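Reader: Hello! I am new to this structure and would love a close look at a single part of it, the paired strands, along with whatever helps me place them in the chain. Could you walk me through it?

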Amino acid sequence: MSSSCGVCGKTSIDSIRRRVTPPADSRASRLPRCSHCRRKLRAGQRVFAATGGLHGAAIFTLDGTMLAIREDVGRHNAVDKVIGYALTNAMVRWRNI
């Protein structure tokens, strides 16, 4: 078992490439502009505002409403925190890809 991101130890781009079927749900094409969500994420990063030293991750609805935000020193940790929060609170469903 490894806690790496999946890139560590790989020797080529082909060795990390995955083929993922695009979602059949067409709602994704109606997502708000990334800059809109990015601004909301940045505005919600209180610790980053004070220190300038943390990464942030957030979950947004399709209409751009921010549901959860987490910060951490590590990028992956911030993402893990926000996904863990969402899974724990039944905000998203886990599906095998």
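Author: Happy to! The secondary structure of this protein chain comes to 3 helices and 2 strands. Please keep in mind that the model is a predicted one. If you read along the sequence, the elements follow the pattern α-α-β-β-α. The chain has 97 residues, and 13% of them count as buried.

Now to the strands themselves. Strand β1 covers residues 55–60 and strand β2 covers residues 66–72, and they pair in the antiparallel sense over 6 bridges. Two facing positions help you find your way along the pair: A58 stands opposite I69 in β2, and I59 stands opposite A68 in β2. Between the strands of this hairpin there are 5 residues. Look for G64 in the hairpin, since G64 takes a positive phi near 95 degrees.

Let us move along β2 (residues 66–72). Which ring does the charged end of R70 sit over? That ring belongs to Y85, and the charged end of R70 is 4.3 Å from its centre. As for rings paired with rings, the structure holds 0 aromatic pairs.

E71 gives us a link to an earlier part of the chain. V47 and E71 are 24 residues apart in sequence, yet their C-alpha atoms are 7.5 Å apart in space. V47 lies in helix α2, which spans residues 46–51. With 39% relative accessibility, V47 counts as partly exposed, because this value falls between the 20% limit for buried and the 50% limit for exposed.

D72 is the next stop. Side chains of opposite charge can pair when their charged atoms come close. Here the side chains of D72 and K81 meet in a salt bridge, with 2.7 Å from N to O. The count for the structure comes to 1 salt bridge. Are the two partners buried or exposed? D72 has a relative accessible area of 16%, so D72 is buried. K81 has 39% relative accessibility and therefore counts as partly exposed.

From here, turn to helix α3, which runs over residues 75–88. I83 is found in this helix. V79, I83, L87 and V92 make a nonpolar surface patch of about 270 Å². I83 has 36% relative accessibility, so I83 counts as partly exposed; that value is over the 30% a residue needs to be part of a patch.

One last spot is worth a visit. A90 lies in the segment after α3. What is the sign of phi at A90? A90 has a positive phi of about 55 degrees, although A90 is not a glycine. Most residues other than glycine have a negative phi. A90 is also exposed, because its relative accessible area is 68%.

To trace the route once more, start at the antiparallel pair of β1 and β2, stop at R70 with its charged end over the ring of Y85, and go on to the salt bridge of D72 and K81.

Key: Residues numbered from 1 in each chain as written. Predicted model: local features only at pLDDT ≥ 70, side-chain atom pairs only at ≥ 80, totals over all residues. Heavy atoms only, no water. Phe/Tyr/Trp six-rings, centres within 6.5 Å; stacked < 30°, edge-to-face > 60°. Lys NZ or Arg CZ within 6 Å of the ring centre and 35° of its normal. Pairing = 2+ DSSP bridges. Helix = DSSP H or I, 4+ residues; strand = E, 2+ residues; numbered from the N terminus. Patch = residues over 30% accessible without salt bridge, like charges linked within 9 Å, V, L, I, M, F, W, Y side chains within 5 Å. Areas by Shrake-Rupley, 256 points an atom, 1.4 Å probe, with all protein chains shown as cover. Salt bridge = Lys/Arg side-chain N within 4 Å of Asp/Glu carboxyl O. Buried < 20%, exposed > 50% of the residue type's maximum accessible area, 1.4 Å probe, protein only.
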